[in-house]
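Thanks for asking for a second pair of eyes on this one. My notes are below as numbered points, to be read alongside the structure.

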Amino acid sequence: MALFKKRTVGKPGEWYYCLEHKKVEEGPECPNKDRFGPYSSREEATRAMDTARERNLEWENDPRWHDTVGRGERDED
């Protein structure tokens, strides 16, 4: 066990969503790898998983994301 635990530093008014504990926290309580944020409000942080899901759908349906030209396939015009 470490004698000194490095405390994550945040600013008051910054909100995060912890992926490990599945909770909203003001100021980072958990390591970067376990959280989304910062968000400007508690409400935004509460919607973090919905926002991520919406963005993933946008990216999956973005034709630029699925550009196959240059990956061994020819552009058939």
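1. Let me start with D34, which sits in the loop between β2 (23-26) and β3 (35-39). Please keep in mind throughout that this is a predicted model. Despite its place in a loop, D34 counts as buried because its relative accessibility is 11%, under the 20% cut-off.

2. What surrounds D34, once its neighbours within four places in sequence are left aside? The contacts are Y17, C18, L19 and E20. In addition, the D34 side chain makes a polar contact, at 3.4 Å, with the side chain of K33.

3. On to the hairpin. Strand β1 (residues 15-18) pairs with β2 in the antiparallel sense, over four bridges. Within that pairing, C18 stands opposite K23 of β2. Four residues lie between the two strands, and in this hairpin K22 takes a positive phi near 55°. If you are checking backbone torsions, that is the one I would point you to here.

4. Y17 deserves a look of its own. Not counting residues up to four places away in sequence, Y17 touches K22, K23, V24, D34, R35, F36, A45, A48 and M49. D34 from my opening points is on that list, and so is A45, which brings me to the helix.

5. A45 belongs to helix α1 (residues 42-46). Is A45 buried or exposed? With a relative accessibility of 0%, A45 counts as buried. A45 and Y17 are 28 residues apart in sequence, yet their C-alpha atoms are 5.5 Å apart in space. Beyond its neighbours within four places in sequence, A45 is in contact with W15, Y16, Y17, V24 and Y39.

6. Which residues make up the largest nonpolar core? There are six: W15, Y17, V24, Y39, A45 and A48. Both Y17 and A45 are therefore members, and each of them counts as buried, since burial is a condition for belonging to such a core. As general background, nonpolar side chains in soluble globular proteins tend to be buried together.

7. Finally, the whole chain. The protein has two helices and three strands, and along the sequence they follow the pattern β-β-β-α-α. Of its 77 residues, 23% are buried. Among contacts between residues at least 6 apart in sequence, 21% join residues at least 24 apart. The accessible surface comes to about 6800 Å², with 52% of it belonging to carbon and sulfur atoms.

How values were computed:
Residues are numbered from 1 along each chain as its sequence is written. This is a predicted model: local features need pLDDT of at least 70, side-chain atom pairs count only at pLDDT 80 or more; totals for chains, interfaces and linings use all residues. Side-chain values use heavy atoms; hydrogens and water are left out. A nonpolar core is a set of buried Ala, Val, Leu, Ile, Met, Phe, Trp, Tyr and Cys residues joined through side-chain atoms within 4.5 Å. Buried means under 20% relative accessible area, exposed over 50%, partly exposed in between (1.4 Å probe, protein chains only). Contact means heavy atoms within 4.5 Å. Accessible areas come from the Shrake-Rupley method with a 1.4 Å probe; for residues, only the protein chains shown count as cover. A polar contact is a pair of N or O atoms within 3.5 Å; within protein, one must be able to donate a hydrogen and the other to accept it, and residues adjacent in sequence count only if both atoms are side-chain atoms. Two strands pair if DSSP finds at least two bridges between them.
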